[in-house]
Amino acid sequence: MVGIGLLGLGTVGTGVVEILEERQEELKFLIGEEIKIKKILVKNIDKKREIQLEENIITSDYNEILNCEDISIIVELTGDLDQGYKYIKDALNSGKDVVTANKAVVSKHFEELSSLAAEKDLAFLYEASVGGGIPILKRLKGELILNKITEVQGILNGTCNYILSSMFNKGLDYNEALKIAQDMGYAEADPTADVEGYDTLRKLRILGTLALQGKIDESDILLEGISKITPFDIEQIKSIDFIIKLIGEVKELEDGFIAVVQPTIMKESSYFANVDMAFNSIVFLGNNVGELKFSGLGAGKLPTANAVLADIVDIVEDTYRKGNPLGERKLNNLNEKLKAEYYLRISLPEEQEGKVFKAIKNISKKLLSEKENIAIITNEIEYLEIIKLLSSLEIDKNNYFIARIIK
Ligand SMILES: NC(=O)C1=CN([C@@H]2O[C@H](COP(=O)(O)OP(=O)(O)OC[C@H]3O[C@@H](n4cnc5c(N)ncnc54)[C@H](OP(=O)(O)O)[C@@H]3O)[C@@H](O)[C@H]2O)C=CC1
Ligand SMILES: N[C@@H](CC=O)C(=O)O
């Protein structure tokens with residue numbers, strides 16, 4: 001019997017309990033072991049739970065779990081950045097394998113936790129931290145043995161994709177769509193992490209660091225979220241037969257890399273344009289294998305819990321990749337070279353519009369609107385040039401929306 005200490009009984013934790021219960025017999029038969037949750041750590045012990053649980057299984061004292069000799073795997077699903085890190089570190093230092101879905105912790109402490117686990121010869125697995133139910137990280141680590149990976153691109157946040165799809169396809173209002181995504185269990189406890197792009201950035205930091213085998217830190221990634229998008233933007237994007245998605249991308253160039261999370265406009269026929277609602281998709285490029293595309297539900301109770309359990313099964317069957325999967329390449333950040341055409345919408349009081357309109361004329365390839373809001377398609381231009389121009393015009397961040405165009 002393999003004993004699990006489950007930390008967190010929210011959306012994902014509940015899913016883990018449910019799948020384990022439903023597949024108990026099959027698991028015993030197929031992997032020859034019973035996997036049993038011995039203890040569950042929660043924050044609020046008095047909260048009413050939706051599922052039936054064994055008596056006394058819930059605790060709010062982590063030491064009860066850490067000191068339990070029957071528990072060999074800690075499954076961290078709290079979503080708490082500081083405590084989650086501490087729980088994981090203490091687990092590894094106590095000789096327990098770790099599975100987590102906490103991308104905030106993995107992203108912030110990736111190097112330290114990876115090397116601690118390798119040093120202790122323990123598992124530190126985080127499949128559910130990127131792409132929800134999509135089995136991307138195990139596959140990526142596998143392909144890295146044979147390939148040099150030079151590019152990773154993806155729709156990495158189910159909440160944002162749900163909001164953008166709902167606004168674009170169903171005409172839903174932004175807040176209405178966000179509320180549904182929260183009700184469906186897709187969003188983070190604080191949905192700012194989703195809509196401002198931090199969640200995508202963290203997932204990209206994890207993917208990019210693995211893929212390029214060199215540290216790509218959170219601060220290396222240019223970031224724009226989707227919170228400023230309006231029905232006006234959707235209308236403009238539709239008018240040019242394009243579609244919008246939040247895309248994260250890391251790409252190796254000859255002398256370094258670019259890393260960016262941005263709302264991105266693309267033709268309706270392009271690959272990512274057809275990844276809708278809570279689906280995510282990740283594409284990576286290896287020098288031998290070529291382009292590999294993965295797609296599946298990027299958030300939600302059961303898909304995410306499935307990814308968590310896949311890690312647990314890998315530990316029980318001893319089929320996970322041992323050692324530290326991170327490389328030591330030193331890569332230059334070349335984000336200043338990021339160049340594209342952009343959709344730019346600026347919303348200002350009428351009296352300020354004239355001055356701004358004049359100033360952006362030089363970078364404008366096509367004028368989409370000059371009434372109510374100014375909206376243009378820019379010439380091919382460095383992203384940071386646009387930001388500089390907007391800041392020189394003293395345009396507040398909340399008064400513009402910018403999206404990269406990919407052909
Ligand atoms: N939801 C999703 O679709 C996905 C989530 N993830 C990640 O999975 C993790 C869990 O997400 P989710 O289940 O949605 O989160 P929830 O907010 O639904 O649940 C969090 C759970 O953790 C408990 N908890 C929170 N902080 C602490 C703490 N400091 N100590 C002990 N217990 C704590 C809460 O206790 P209590 O119940 O008492 O409040 C709750 O049971 C997060 O890291 C998230 O980013 C990853 C992929 C997809
Ligand atoms: N909030 C996240 C959950 C999964 O990682 C998302 O919406 O993708």
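This report describes the overall build of a predicted protein model, its ligand surroundings and several individual residues.

The model is predicted: local features need pLDDT of at least 70, side-chain atom pairs count only at pLDDT 80 or more, and totals for chains, interfaces and linings use all residues. Residues are numbered from 1 along each chain as its sequence is written, while chains are lettered from A and ligands numbered from 1 in the order in which they are written.

## Overall build

The protein contains 14 helices and 17 strands; helices (H or I, at least four residues) and strands (E, at least two) are DSSP runs, numbered from the N terminus. Its radius of gyration is 23 Å, close to the 22 Å that the globule rule gives for 407 residues, so the protein is as compact as a globular protein of that length. The radius of gyration is taken over C-alpha atoms, and the globule rule is 2.2 Å times the number of residues to the power 0.38. Along the principal axes, the C-alpha atoms fill a box of roughly 70 × 45 × 35 Å.

Of the 407 residues, 43% are buried. A residue is buried if 20 or more other C-beta atoms lie within 10 Å of its own, exposed if 12 or fewer, and partly exposed in between, with C-beta atoms placed from the backbone. Among contacts with a separation of 6 or more, 74% join residues 24 or more positions apart; two residues are in contact if their C-beta atoms, placed from the backbone, lie within 7 Å.

## Ligand surroundings

A residue is assigned to the shell around a ligand if its C-beta atom, placed from the backbone, lies within 6 Å of the ligand. Ligand 1 is surrounded by 29 residues, the closest being Gly-8, Gly-10, Gly-79, Ala-101 and Ala-299. Helix 1 (residues 11–22) gives the most to this shell, with 3 residues. By class, the shell around ligand 1 has 11 nonpolar, 13 polar and 5 charged residues. Here Ala, Val, Leu, Ile, Met, Phe, Trp, Tyr, Cys and Pro count as nonpolar, Asp, Glu, Lys and Arg as charged, and the others, Gly among them, as polar.

The shell around ligand 2 includes Gly-132, Asn-157, Tyr-186, Glu-188, Asp-194, Asp-199 and Ala-299. It divides into 3 nonpolar, 5 polar and 3 charged residues.

## Annotated positions and helix 10

UniProt positions are given in the numbering used here, feature names are shortened, and annotations may be inferred rather than shown by experiment. An unreviewed UniProt entry lists residues 135–313 as "domain: Homoserine dehydrogenase catalytic". That span is 41% helix and 27% strand, and its end C-alpha atoms lie 13 Å apart.

For "binding site", the unreviewed entry lists Lys-103, which is found in helix 5 (residues 103–120). Lys-103 is buried, with 26 other C-beta atoms within 10 Å. Beyond residues up to four places away in sequence, Lys-103 touches Ser-129, Val-130, Asp-199, Arg-202, Lys-203 and Ile-206.

For "active site", the unreviewed entry lists Lys-203, a residue of helix 10. Lys-203 counts as buried, having 26 C-beta neighbours inside 10 Å. Apart from neighbours within four places in sequence, Lys-203 is in contact with Lys-103, Ser-129, Val-130, Leu-156 and Gly-248.

Helix 10 (residues 198–212) has 15 residues and should span 21 Å at 1.5 Å a residue; its end C-alpha atoms are 20 Å apart, which agrees. The expected span is 1.5 Å times one less than the number of residues in the helix. Because 15 of its 15 residues are buried, helix 10 is largely enclosed by the rest of the structure. Gln-213, with a positive phi near 55°, follows helix 10.

## Further residues

Two loop residues other than glycine with positive phi are set out below.

| Residue | Phi | Loop between | C-beta neighbours within 10 Å |
|---|---|---|---|
| Met-277 | about 50° | strand 10 (256–267) and strand 11 (279–286) | 18, partly exposed |
| Glu-394 | near 55° | helix 14 (383–392) and strand 17 (400–405) | 9, exposed |

Tyr-342 lies in strand 13 (residues 339–346) and counts as buried, with 24 C-beta neighbours inside 10 Å. Leaving aside neighbours within four places in sequence, the contacts of Tyr-342 include Thr-378, Ile-381, Ile-386 and Ile-402. The C-alpha atoms of Tyr-342 and Ser-94 are separated by 51 Å, and these residues are 248 residues apart along the chain.
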